[in-house]
Amino acid sequence: LSPPRDRLRIAIQKSGRLAEPARALLASCGLSWRESRDRLFCYGETLAVDLLLVRDDDIPGLIAEGVCDLGIVGRNVLLEQAHDRERGGRPPAFREWRALGFGGCRLALAVPEDWAWEGPAQLRGKRIATSYPALLAAWLRERAVEAEVVVLSGSVEIAPRLGQADAVCDLVSTGSTLAANQLKPVATLLESEAVLAGPVQPLEDARGELADLLLRRLEGALRIRR
Ligand code: PRT
Ligand code: ZN
């Protein structure tokens with residue numbers, strides 16, 4: 001168990017699609033920071049809320065370990081890691097606290113444009129490339145489809161052209177990346193956006209009060225945006 005702390009620590013993406021919008025949203029809640037030299041840690045000035053700047057994939061684990069109290073991360077990353085923990089028989093250690101209304105995308109299954117799509121059964125025995133193996137495996141299992149999941153950390157859409165896979169399961173926003181690779185989306189596994197993630201149980205001590213205050217301010221900031 002981590003010792004009581006009187007400062008709230010939020011993990012956000014250091015660089016990437018969610019980095020700037022996450023900071024902007026927190027700033028609109030009245031937070032401001034003094035940045036450290038290495039740009040990994042931002043010390044909160046107006047409130048006792050500090051930022052840790054990390055890779056998005058590390059955020060759920062940092063919450064699970066209690067290194068950070070909260071995080072801003074894509075629902076896709078959060079649920080993938082939650083499914084992965086579940087598969088490994090580990091207890092849930094983080095959950096979505098609130099959707100934040102930016103970073104919208106969907107996790108989609110896509111097949112070559114020239115396939116006549118007849119449904120998930122068509123994937124039987126096929127190879128599907130993805131960076132979301134736990135979410136894809138759960139989706140296939142629910143449909144009783146046995147397919148080979150090929151795990152790639154990037155450049156998933158090019159896998160069919162390279163002969164590494166028959167289909168892909170990847171994030172889509174405009175759809176232009178799929179189209180450029182002669183693929184078409186045929187099913188949505190998950191509607192995603194950036195979320196505030198936190199532990200399963202509410203925070204205690206001073207951090208609980210800071211988290212409540214932050215949530216109230218987030219409600220206000222998000223209401224104005226709509
Ligand atoms: O370095 P780090 O590990 O922190 O960053 P990252 O490269 O893993 O993540 P990043 O910054 O690319 O994305 C962060 C989060 O943004 C994702 O986890 C999603 O929640 C969200 N998001 C929203 C997206 C997209 N839209 C998106 N379009 N993440 C990725 N993409 C990619 C997609 O994988 C595909 O390659 O964009 C391409 C498709 O875009 P369209 O517009 O052509 O469909
Ligand atoms: Zn990442």
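The following legends describe close-up views of a predicted model of a protein with ligand 1.

**View 1. The two domains of the protein.** The domain assignment divides the protein into domain 1 and domain 2. Domain 1 is made up of two segments, 8–103 and 193–225, whereas domain 2 covers residues 105–191. Taken over C-alpha atoms, the centres of domain 1 and domain 2 are 29 Å apart.

**View 2. The area buried between domain 1 and domain 2.** Nine residues of domain 1 are in contact with 11 residues of domain 2. The two domains bury about 910 Å² between them, and carbon and sulfur atoms account for 61% of this area. Of the area that domain 1 buries against domain 2, 57% is supplied by Asn76, Glu80 and Arg87, more than by any other three residues.

**View 3. Polar and charged groups at the domain interface.** Five residue pairs, with both residues at pLDDT 80 or more, are in polar contact across the interface of domain 1 and domain 2. On the side of domain 1 that touches domain 2, four residues are charged, three are polar and two are nonpolar. Zero salt bridges are found across this interface.

**View 4. The surroundings of ligand 1.** There are 23 residues around ligand 1. Those that come nearest are Arg55, Asn76, Thr174, Gly175 and Thr177. Asn76 is also one of the three residues named for the area that domain 1 buries against domain 2.

**View 5. Polar atoms beside oxygen atoms of ligand 1.** A backbone N or O atom of Arg17 lies 2.9 Å from an oxygen atom of the ligand. Ser176 places a polar side-chain atom 3.2 Å from an oxygen atom of ligand 1, and for a polar side-chain atom of Glu157 the distance to an oxygen atom of ligand 1 is 3.3 Å. Ligand 1 exposes 850 Å² when taken alone, and the protein buries 78% of that area.

Methods: Residues numbered from 1 in each chain as written. Chains lettered and ligands numbered in written order. Predicted model: local features only at pLDDT ≥ 70, side-chain atom pairs only at ≥ 80, totals over all residues. Heavy atoms only, no water. Domains from an automatic or database assignment. Contact = heavy atoms within 4.5 Å. Buried area = accessible area lost by both parts, 1.4 Å probe. Salt bridge = Lys/Arg side-chain N within 4 Å of Asp/Glu carboxyl O. Polar contact = N/O pair within 3.5 Å; in protein donor to acceptor, adjacent residues only side chain to side chain. Nonpolar A, V, L, I, M, F, W, Y, C, P; charged D, E, K, R; others polar. Near = heavy atom within 4 Å. Areas by Shrake-Rupley, 256 points an atom, 1.4 Å probe, with all protein chains shown as cover.
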